[in-house]
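Hi,

Here is the structure I promised to pass on. Have a look at it first, and my notes follow underneath.

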Amino acid sequence: MSFWGFVRPDGSVGTRNYVLVIPQGIIAKTICDMVPGTRGILTVDHGSGRTANNREQIARLLIGLGRNPNVASVILHAASPGVGYPELRVERLAEEIAQGGKRVEVLDPAKDGGTYGAISRGIQLARMLVYEASVQRRALVGDDQLCVGVKCGYSDTTSGIAGNPAVGYLYDKIVEAGGTAMFGETTEIIGAEHVLARRAVNRQVAQAILDSATAQEARAKATGLDIRTVNPVPSNIKGGISSLEEKSLGAIYKAGTSPIQGVLKYAERPPRKGLYFVDNWMGHLSIFAGYVAAGANLVLFQLGGGGVAGRTLLEGSPSIVAPFLWATANPKTYAAARDSIDYYSGTVIEGTETPEEAGERFHRIVTDIASGTLARSETLNYTDPIDMYLEEPRF
Amino acid sequence: MPAKRALIMQPNDNVATALEEIQVGDDVAAALGKESRSLRAAEAIPFGFKVALQDIPQGELIRKYGEVIGRASTAIARGTMVHIHNLEGTRARGDLERRARA
């Protein structure tokens, strides 16, 4: 299959065409309020008191969001130009984003007449940039230009038997076409890591998968806690999942059957096309920002929702620059939230569609949304702040 | 009344997943590909929950997806529900580790 996308100077292809204004703050917020077509990122952490590793991770996330193909151009503003941590200096962020070939503008309150001067210049710049972006037309490209990320959540047993396999079918199709697909949630491969390791492209990658799970399991054991009080989470148990292993074995279906090319860190860009495992954390306000910073131009949330219709969860999407799709295989969840759900695969459980028919329908929906059809989450003007995955302590 | 539907993921699984609400005494047809195994529900099994396909002694491994999902914390009779009351996960268990150290 193919889709209509925005071809960027570095050859990557966007499914959307935003002007990104970062980082968060009064300057970005005011510009975004005034200029349609802009997009800001809500994040509560700017790196103060963070370790060098974690500051680099924040920088990787901001640079990655700026370089995402759904972004036509970027306005950066300096909170404290020339000072602050070297990793997060605006000059550095601007330079690395610009390496992708797109236009990057920097606002500097010290030169632009303070906060309000920077806002004023920023609004003028943003108006020009959204106009310029609007001139670009979509072009027909192959599915090799799809780059997707997935998480499964509020998982119940419909996730393992129909929802995640539908994602797996889609993932296989995208990888087969030469595209890129990412999955992760390291805690939720514990008990299934040996199955994934068998699918690694070589022994090093297999070992890296096993090591990710072992390290996460060691962290869990070091707490002295019974993991069952943490994960599976209460909604999983209410949906019929009895152990972390059962959850993991159902969860890995969403990765399909392609060989795993490598293990990536949070917000790390895949070096090549194909299927990648990302060593990350399940929280949906965390994981999707990481995928999008890694280059995902579309992301998927496969929802179980059994017993908990998840209405409130479904109203908010993470503050990211990629269309965010909701999928479910649970008939009760779908009935409760049809206005929010983009794709339903419970037809396989009901016997009205084969897994292949359901998978093909999913693929068509994904390429439609990649081409500009709105994801249901895009019909609501509300986003939640992102929660960056930073593992080291703050001081 | 037609048998209630359940699904077996892999041939060596000893549990099946209920695809509809199963009541006590219902006949259950557990499908594995084109084959089907029948059993009688010894208790109610809600949609999405697991039913034992055979008697599972205490301590025995429980398999779904062809893989181990935990072990039986008590003896489990064929046709009864398998969930947190009788299945115990064994991975990432800090409490077991702590007990072993004590």
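Keep in mind that this is a predicted model. For chain A, the domain assignment gives two pieces: domain 1 covers 18-135 and domain 2 covers 142-384. Taken over C-alpha atoms, the centres of domain 1 and domain 2 of chain A are 29 Å apart. Where they touch, domain 1 of chain A puts in 14 residues and domain 2 of chain A also puts in 14 residues.

On the domain 1 side of that contact, β3 (18-22) and α2 (52-67) of chain A each supply at least two residues. The largest share there comes from α2(A), with five residues. Sorted by class, that side of domain 1 of chain A has eight nonpolar, four polar and two charged residues.

Now for the sheet. It is an open one of four strands in chain A, in the order β4-β3-β5-β6, and the pairing is parallel. At the edges you'll find β4 (38-40) and β6 (103-107) of chain A, each of which pairs on one side only. On average, and ignoring direction, neighbouring strands are turned by 25 degrees against each other. If you want a pair to click on, β5 (residues 71-77) of chain A runs parallel to β6(A) over five bridges, and A:His77 sits opposite A:Leu107 in β6(A).

Two helices are worth following from there. α1(A) packs on the sheet and touches β3, β4, β5 and β6 of chain A, with its direction at about 150 degrees to that of β4(A). α4(A) lies across β3, β4, β5 and β6 of chain A, and runs at about 175 degrees to β5(A).

How do α1 and α4 of chain A pack, and at what angle? Helix α1 (residues 26-34) and helix α4 (residues 114-135) of chain A meet at about 40 degrees, and their axes are 9 Å apart. The crossing of α1(A) and α4(A) is right-handed. From α1(A), the residues involved include A:Ile27, A:Ile31 and A:Met34, and among those they meet in α4(A) are A:Ala118, A:Gly122 and A:Ile123. That contact of α1(A) with α4(A) has eight nonpolar, three polar and no charged residues.

Finally, there is a chain B to look at. The contact between the chains takes 29 residues from chain A and 24 residues from chain B. On the chain A side, α5 (157-176), α7 (203-222) and α9 (244-251) of chain A are the elements that give two or more residues. The chain A residues there divide into 12 nonpolar, 10 polar and seven charged.

Cheers

Terms used. Residues numbered from 1 in each chain as written. Chains lettered and ligands numbered in written order. Predicted model: local features only at pLDDT ≥ 70, side-chain atom pairs only at ≥ 80, totals over all residues. Contact = placed C-beta atoms within 7 Å. Nonpolar A, V, L, I, M, F, W, Y, C, P; charged D, E, K, R; others polar. Axes fitted to C-alpha atoms, helices over the stretch in contact; angles between N-to-C directions. Left-handed = near helix turned anticlockwise from the far one by under 90°. Domains from an automatic or database assignment. Pairing = 2+ DSSP bridges.
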